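Subject: Structure for you to look at

Hello,

Here is the structure I said I would pass on. Please open it alongside this note. What I found comes after it.

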Amino acid sequence: MPLHISSQKDQDKNYVIELKGSIDSDTYAHLRDELKRAEAAGARSVSLNFCGVDYISSIGIKVLIDGMKALKERKSPFLLFDLQPQVRKVLDVMRLTLIFEILGSHFEAEQYLQEHYRVLS
């Protein structure tokens, strides 16, 4: 299944990237490139909406880890939200739920960012 990516940013450069499809060896480069574009544009945060992702392979997980590391170096939040159970299970098994900020919904991601920026100010 192809990967469809829709990216939006607000005036403060907080990116929300909606993903639909599979993240695997055929599609990972699209996500990698989108994350690199957001980083190059000075993203203040990146939130990935996983509601439409039905599968993620090890190369897809590597892209997520690399994206998270790049943003964390700049102290920018990297959030995942609305994960499908099968994708959440992969992250659980690999114990990656301990390193990723995983939230239940877009609303929770927005609340997280508000609190994050409130603490910083």
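**Salt bridges**

Arginine 118 and glutamate 115 form a salt bridge, with their closest N and O atoms 2.5 Å apart. Please keep in mind that this is a predicted model. Both residues sit in helix α4, three residues apart, about one turn of the helix. Arginine 118 counts as exposed because its relative accessibility is 52%, and the cut-off is over 50%. Glutamate 115 is partly exposed, at 38% relative accessibility.

How many salt bridges does a search of the whole structure find? Seven. I describe two others here.

One is in helix α2. Lysine 62 and aspartate 66 meet there through their side chains, N to O at 2.6 Å. They are four residues apart in α2, about one turn of the helix. Lysine 62 is partly exposed, with 44% relative accessibility. Aspartate 66 is partly exposed too, with a relative accessible area of 36%.

The other is in helix α3. Aspartate 92 pairs with arginine 88 in a salt bridge, and the closest N and O atoms are 3.4 Å apart. Helix α3 covers residues 85-93. The two residues are four apart in this helix, so about one helical turn separates them. Aspartate 92 counts as partly exposed at 37% relative accessibility. Arginine 88 counts as partly exposed at 34%.

In general, side chains of opposite charge can pair when their charged atoms come close.

**Pockets**

The largest pocket has a volume of about 370 Å³. Its lining is made of 20 residues. Which of them lie nearest the centre? They are Asp10, Asn14, Val16, His106 and Glu110. Four elements each supply at least two residues of the lining: β1 (3-9), β2 (14-23), β3 and α4 (106-120). Helix α4 gives the largest share, six residues. By class, the lining has six nonpolar, eight polar and six charged residues.

The second largest pocket has a volume of about 180 Å³. Helices α1 (28-40) and α2 (58-73) each supply at least two residues of its lining. The largest share, seven residues, comes from α2. Six residues of the lining are nonpolar, one is polar and five are charged. Tyr28, Arg32, Leu35 and Lys36 are among them. So are Glu39, Ile59 and Val63. Lys62 and Asp66 also belong to this lining, and these two form the α2 salt bridge described above.

**A buried asparagine**

Is asparagine 49 buried or exposed? Asparagine 49 counts as buried because its relative accessibility is 11%, and the cut-off is under 20%. It is found in strand β3, residues 45-56. The side chain of asparagine 49 reaches the backbone nitrogen of cysteine 51 at 2.9 Å. Leaving out residues up to four places away in sequence, asparagine 49 touches Ile17, Glu18, Leu19, Phe81 and Asp82.

**Loop residues**

Aspartate 82, one of those contacts of asparagine 49, lies in the loop between β4 and α3. Its phi is near 60 degrees, a positive value in a residue other than glycine. Aspartate 82 is partly exposed, with a relative accessible area of 30%.

Arginine 95 also has a phi near 60 degrees, again a positive value in a residue other than glycine. Where does arginine 95 lie? In the loop between α3 and β5 (101-103). Arginine 95 counts as exposed, with 59% relative accessibility.

Arginine 74 is in the loop between α2 and β4 (78-81). It is partly exposed, at a relative accessible area of 33%. Arginine 74 and glycine 42 are 32 residues apart in sequence. In space they are 9.5 Å apart, C-alpha to C-alpha. Not counting residues up to four places away in sequence, arginine 74 touches Glu39, Gly42, Ala43 and Arg44. Of these, Glu39 also lines the second largest pocket.

Best wishes

Methods
Residues are numbered from 1 along each chain as its sequence is written. This is a predicted model: local features need pLDDT of at least 70, side-chain atom pairs count only at pLDDT 80 or more; totals for chains, interfaces and linings use all residues. Side-chain values use heavy atoms; hydrogens and water are left out. Buried means under 20% relative accessible area, exposed over 50%, partly exposed in between (1.4 Å probe, protein chains only). A polar contact is a pair of N or O atoms within 3.5 Å; within protein, one must be able to donate a hydrogen and the other to accept it, and residues adjacent in sequence count only if both atoms are side-chain atoms. Contact means heavy atoms within 4.5 Å. On a 1 Å grid over the protein atoms alone, a cavity is a set of points where a 1.4 Å probe fits but cannot get out, and a pocket is an open set with protein on both sides within 12 Å along at least five of seven lines; lining residues have an atom within 4 Å of a point. Grid points are joined across faces, edges and corners, and a volume is the space filled by probe spheres set on the points. Ala, Val, Leu, Ile, Met, Phe, Trp, Tyr, Cys and Pro count as nonpolar, Asp, Glu, Lys and Arg as charged, and the others, Gly among them, as polar. A salt bridge is a side-chain nitrogen of Lys or Arg within 4 Å of a carboxyl oxygen of Asp or Glu.
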